[in-house]
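Please read this report alongside the sequence and the 3D view. It covers the domains, the ligand shell, the cores and a few single residues.

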Amino acid sequence: MIEAGRHLKAILEASMIEYRELTGSGTLEAEWQENGLLYVLKTSAGMESFAKTNALLLDEFGVGARMIEGGDLPGFDSALKSDLAGAYFYEDDAHLRPDVLNRNWIQRLRSEGVAFIESCELQQVRKQSGSIVALQTSQGELTADRFVFAMGAWSAQMGQELECSIPIEPGKGYSVTMRRPTICPQHPILFPEHKVGVTPFRDGYRLGSMMEFSGFDERIPPSRIQQLRDSAEPYLLEAHCADGNAEEWFGWRPMTWDSLPIIGVVPRLKNAMLATGHNMLGLSLAPSTGRLVSELMCGVDPHIDPSGFRPDRF
Ligand SMILES: Cc1cc2nc3c(=O)[nH]c(=O)nc-3n(C[C@H](O)[C@H](O)[C@H](O)COP(=O)(O)OP(=O)(O)OC[C@H]3O[C@@H](n4cnc5c(N)ncnc54)[C@H](O)[C@@H]3O)c2cc1C
């Protein structure tokens, strides 16, 4: 677990640098904010338990938090209630707005000549002498010199075609996005005891959580959305916006059993790569993943050690 943590730390830190470069120049607007991440605990037992996590993070990875007493929390973030046990604040953390990032990133790539083929299902792979020569898709055959398979939670379905084991399970999660409440948190906050998180955006506010292993079930049960709303109530003066307009969403996280992504050359197909299995951190790890893929593909020295992510570890 510690070894996996070291690989994760390397790719997280490298992604942070990439995000700063991407967003800092002002060319990619993503509502990027470096104002930390707060873990808030309701009970003293929760504080004691989290103290162990924090000590482990500090001892093994050099990542430490500032502890904040419950009574000081409303002064730290005025959206928090006054009867909470306390919090741990990781001040070097950052957040962004995923839909804004994706929209602007796609636009930028298009303007630089990248073509997107949408609503196109990959069905089979045509191979010859240990290489892929074409993809058979719902829009006909696509040829290329090299191929990157970044199929998220669906990746395991391609294992047979790619002649390798891709042990990924879909971990379903939900979110609900709405207008900012009048008393809105100033920081992204996680509430580990109720397994829910809130993220404030410039023009919005998101509650997100859950981890269900129920296959590819596309329903959004109202009880799950209610559970999200209820879970934030014990902590926030105004846990959600009262106007009733909210966007309910679900997604599948590509979960691997060792918590590490799968990035690298497909063992038996020399011109194919996998970039998948990012568990709960696909957005956080995206920029360094992209850079690593291009480096491995072009034979350039990688900016991080890729050994922990090798597809042939399974
Ligand atoms: C509730 C929730 C909260 C999250 N919070 C965070 C967070 O705080 N931080 C963070 O970093 N990440 C977060 N994530 C992101 C998540 O954890 C994943 O790691 C991330 O979405 C994985 O990205 P991906 O590009 O690998 O897969 P996806 O985004 O799922 O993309 C895979 C794509 O492949 C396509 N595809 C699959 N099979 C085929 C096929 N046969 N033919 C054609 N196309 C195919 C799919 O349609 C899909 O578009 C969250 C996710 C959820 C659900």
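A residue is called buried if 20 or more other C-beta atoms lie within 10 Å of its own, exposed if 12 or fewer, and partly exposed in between, with C-beta atoms placed from the backbone. This is a predicted model: local features need pLDDT of at least 70, side-chain atom pairs count only at pLDDT 80 or more, and totals for chains, interfaces and linings use all residues. Residues are numbered from 1 along each chain as its sequence is written. Helices (H or I, at least four residues) and strands (E, at least two) are DSSP runs, numbered from the N terminus.

**Helix H5**

Start with helix H5 (222-232). Leu228, Ser231 and Ala232 are its buried residues. They fall within an arc of 95 degrees seen down the helix axis, so they line one face of H5. The arc is that of the directions from the helix axis to the C-beta atoms. Pro222, Ser223 and Gln226 are exposed, on the face turned away from the buried side. The buried residues of H5 pack against S8, S9, S10 and S11. Contact here means C-beta atoms, placed from the backbone, within 7 Å. Beyond its neighbours within four places in sequence, Ala232 contacts Phe191, Val196, Val198, Leu207 and Ala239.

**Nonpolar cores**

A nonpolar core is a set of buried Ala, Val, Leu, Ile, Met, Phe, Trp, Tyr and Cys residues joined through C-beta atoms within 7 Å. The largest has 28 residues, and Tyr39, Val40, Ala87 and Ala232 touch the most other members. Elements that supply at least two residues each include strand S1 (37-41), helix H2 (44-61) and H5. S1 gives the largest share, four residues. Another core lies apart from this one. It has 27 residues, among them Ile166, Val266, Ala286 and Phe309.

**Two domains**

The domain assignment, which is automatic or from a database, gives domain 1 (36-93 + 170-255) and domain 2 (101-168 + 258-313). Their centres, taken over C-alpha atoms, are 31 Å apart. Five residues of domain 1 and nine residues of domain 2 make the contact. On the domain 1 side, S12 gives the most, with four residues. That side has four nonpolar, no polar and one charged residues. Ala, Val, Leu, Ile, Met, Phe, Trp, Tyr, Cys and Pro count as nonpolar, Asp, Glu, Lys and Arg as charged, and the others, Gly among them, as polar.

**Ligand shell**

Which residues come nearest to the ligand? Of the 22 around it, they are Gly152, Gly173, Gly251, Gly282 and Leu283. A residue is near if its C-beta atom, placed from the backbone, lies within 6 Å. Strand S8 (169-178), strand S12 (246-255) and helix H6 (282-298) each give two or more residues. By class, the shell has 10 nonpolar, 10 polar and two charged residues. Each domain contributes at least three residues to the shell.

**Single residues**

Most residues other than glycine have a negative phi. Two residues here have a positive value.

| Residue | Phi | Place |
|---|---|---|
| Met210 | near 80 degrees | strand S11 |
| Ser259 | about 65 degrees | loop between S12 and strand S13 (262-265) |

Met210 is partly exposed, with 16 C-beta neighbours inside 10 Å. Ser259 is also partly exposed, with 16 C-beta neighbours inside 10 Å. Ser119 sits in the loop between helix H4 (98-111) and strand S4 (122-128). Ser119 is exposed, with 6 other C-beta atoms within 10 Å. Ser119 and Ser138 are 19 residues apart in sequence and 8.5 Å apart in space, C-alpha to C-alpha.

Definitions and conventions. Contact = placed C-beta atoms within 7 Å.
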